[in-house]
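Student: Hi! Could we go through this structure together?
Tutor: Happy to, let's bring it up.

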Amino acid sequence: MRWNSVLFAATSLVASTLAQSSLYCDNGSGGTGICFETYFDPLFNARYGWVFPPSGNEFIGQFTVPIAGKWAGVALGSGMNGNLLITAWPNGNTIVKGARQAAAYAQPTQYVGPTITTLATSINSTHWKWTYRCQNCTSWNINGAAGTLDPTQYCVFGWAYGSAAVNTPSDPWSNMAQHDDARLYGFNCPEGITTASQYQAWLNIGSTSTTSTSSTRTSSTSSTTTTTTKTTTTTVGPTVSATPYDYIVVGAGNTGLVVADRLTEKGKNVLLIERGGPSTSATGGNDTPPWATGTGLTRFDTPGLFEAMFSSSNPYWWCNDITVFAGCLVGGGAAINGLLYWYPPDVDFDPSYGWPSSWAHPHDAYNALKAKLPQTTTPSTDGKLYLTQVYDVVQKLLTPQGFGALDINSNPNAKDRVYGRPAFPIKGGKRTGPMDTYFQTAKTRANFKFWQYTYVTGLVRNGAQITGVRTNYTAYGGNGIVPLTTKGRVILSAGAFGTARILFQSGIGPSDMINIVKNNAQYGPNLPPQSQWIDLPVGKYVSDNPSINLVFTHPSVDSYDNWAPIWTSPRAADAAQYKATQSGVFAGTSPRLAFWRALAGPDGKTRYLQGTARPGAASVTTNYPYNASQIFTITVYLSTGITSRGRIGIDATMYGTVLQNPWFQDTNDKAAILTGINDLLSTVNQVPGLTLITPDNTTTITDYVNNYNPAGMNSNHWCGSTRIGTSSSTSVVDENTKVWGTNNLFIVDAGIVPSQPMGNPHAMFMTVGEAAVPKILALTGGP
């Protein structure tokens, strides 16, 4: 922990910069003397602090809240739902406190288990300050879902502030009115860890009760009472003046970053709003693995840490109110995916797959993307390839079937019986993506503003005209509404699930979804009148790649410990190499080979099969004995040409959820993938030492696919929830990405893509962003 004093600048602009923690020592008259890692909220001049022992299930915390704050709370994770909540408020000269839980966006209830002890209390004319010990507070189980707080890892916490008194101030479980504001913030928990002896000394400070003019401290070992006087002045609960913008872009993911950069490049006044926080070091992230301390190489910078995204005890980067994996941080999916980066073939924008003819062959967009974010097949800074054994084995499997080796991105239209090495958007051995390219150039412009940890809850509209967006930043303009200029426009880039939810909460979409919003106490009152609802197929026609894992062993393969210890205890030589020069295994993600072939389905339609091979396996189900150090996986996906569609929507808690699975709704899709898998396996016996262990010989390939768990079939390449088209009866946006029935609302993200792209859609989605901006700017009536 840092032991220097820190002064905080109370500026209302912090919401648009990096919300991070810093050290604060509670010294001076009436202070506890404890040094906390703290977050200072400049909107209400409140401070929330933590200090942790070297080990154990507890911490010491502190709230410092303006007297106008009738209650405050913190969430020990990235949101209210599913995380332990600590709430407190003054009642006379004491603080009423409690541990709470919420499994939905509703009144939080008592959570049994933690022990919260008041260590010190100070209440004066400007603030109330509460210092407490929270035991049994670093793990919890809420509604069957386990959660943890690991202070050795970078954390994301939340705060909430209410200016209306709770219903019964003497009752720690009293109902309370909705908070005035609530935010998430990045928190450097490891800097809050102190020594065992220092932590114990701070536990012995006793308890304090203070009136507006004096404070009384009683030692835990003595009954001596002393009185001190303390006077402080502070501006309480400021309202930030609302500034109108030409363009408000919602979502700093794959497409939102592209859109914001290109709009500001054209001189437009742009606000980009992101609900999550930083990712890579260049975006302000500092979530560094233990073995890379001091390097600035975060989990998001380091490609080889991709597999660790799915095994962390505190995966704050996932959206916690969507039932599938979705990235809620700067870069969105581009910050957390496997980095496979395929330049889209012409067929990806072909009118036969649902695109308006004006989108065919968007070569200008392709070229702009390639210039901004080039690819590489040799991500290591030394130019060498690592862990090549899987490539060597799988090419022997494919060659007898007529496959040929190819540089995939040099030949993007060649996608039948070809294989090649993976392409990545990696530069200098680090994940690059739109976060370290488009975002960085946008930030250099005075006409670009960026807010993070800000949640857009809906659009403010009068019929067809959008006048602003509604956020949880309620101090902004006094109501959280960000206005547009007279000719301003909103562009939603919040992803297939996030954008759909914003539309539902704005009275746009099927009536069954809007009625769910109408019946929600928090969001219902903000809906426009029913006469202004716009009936569009939002959430319908959704597609995702069905994916099936096949697990093999081969004596030459190094499974790389199944990628399990890469965060805490990786192979020492590999970690040291990457730390020193950003070279070696950690300079790339796990995939080692990709292949494609065209398949003719029983219905006569062509569907494409993609395969990706990597060391290790997510799971193994087999009756065969096998050597775990020799396993590798081939994942086969069905991509362009699939005809199955599903539906997504929301539930009563406003969670984004899948209403109908999109996989194999058309039996022709299943027949095609079965043909592809059987053909792929037809040459296993021609590769000496190669053994298929999942599935094994106790089941057929057909039964294996028929019985495959849908939860494992999800590729998280969701498309079509707000698809583009030429009719409002079957699409949500027109050829210019404008939402039907509106004047100035646009969507540019994965949701508008009407059919599955040929490969992993990272580059294709950014191409959509590059192609959409010129179309939007060319429309008359804009700013």
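Tutor: We can start with the overall picture and then turn to one helix; keep in mind that this is a predicted model.

Student: How many helices and strands are there in the protein chain?
Tutor: The protein chain has twelve helices and 35 strands.

Student: And what does its radius of gyration say about the overall shape?
Tutor: The protein chain has a radius of gyration of 27 Å, which agrees with the value near 28 Å that a compact globule of 783 residues would have. Its C-alpha trace spans about 90 × 60 × 45 Å along the principal axes.

Student: What share of the residues is buried?
Tutor: Buried residues account for 59% of the 783. As for the accessible surface, it comes to about 27200 Å², and 50% of that belongs to carbon and sulfur atoms.

Student: How far apart are the mean positions of the positive and negative charges?
Tutor: They are 6 Å apart, taken over 48 positive and 43 negative charges.

Student: Switching to helix α8, which residues are buried there?
Tutor: In α8, which runs over residues 572-581, Asp574, Ala575 and Tyr578 are buried. They lie on the same side of α8 because they cover an arc of only 100° around the axis.

Student: What do those buried residues pack against?
Tutor: The buried residues of α8 pack against β23, residues 430-431.

Student: And which residues are exposed on the other side?
Tutor: Ala572, Ala573 and Ala580 are exposed there.

Student: What happens just after α8?
Tutor: Gln582 follows, with a positive phi of about 55°.

How values were computed
Residues numbered from 1 in each chain as written. Predicted model: local features only at pLDDT ≥ 70, side-chain atom pairs only at ≥ 80, totals over all residues. Heavy atoms only, no water. Buried < 20%, exposed > 50% of the residue type's maximum accessible area, 1.4 Å probe, protein only. Helix = DSSP H or I, 4+ residues; strand = E, 2+ residues; numbered from the N terminus. Arc of directions from axis to C-beta. Contact = heavy atoms within 4.5 Å. Rg over C-alpha atoms; globule rule 2.2 N^0.38 Å. Areas by Shrake-Rupley, 256 points an atom, 1.4 Å probe, with all protein chains shown as cover. Lys, Arg positive; Asp, Glu negative; His and termini not counted. Charge placed at Lys NZ, Arg CZ, Asp CG, Glu CD.
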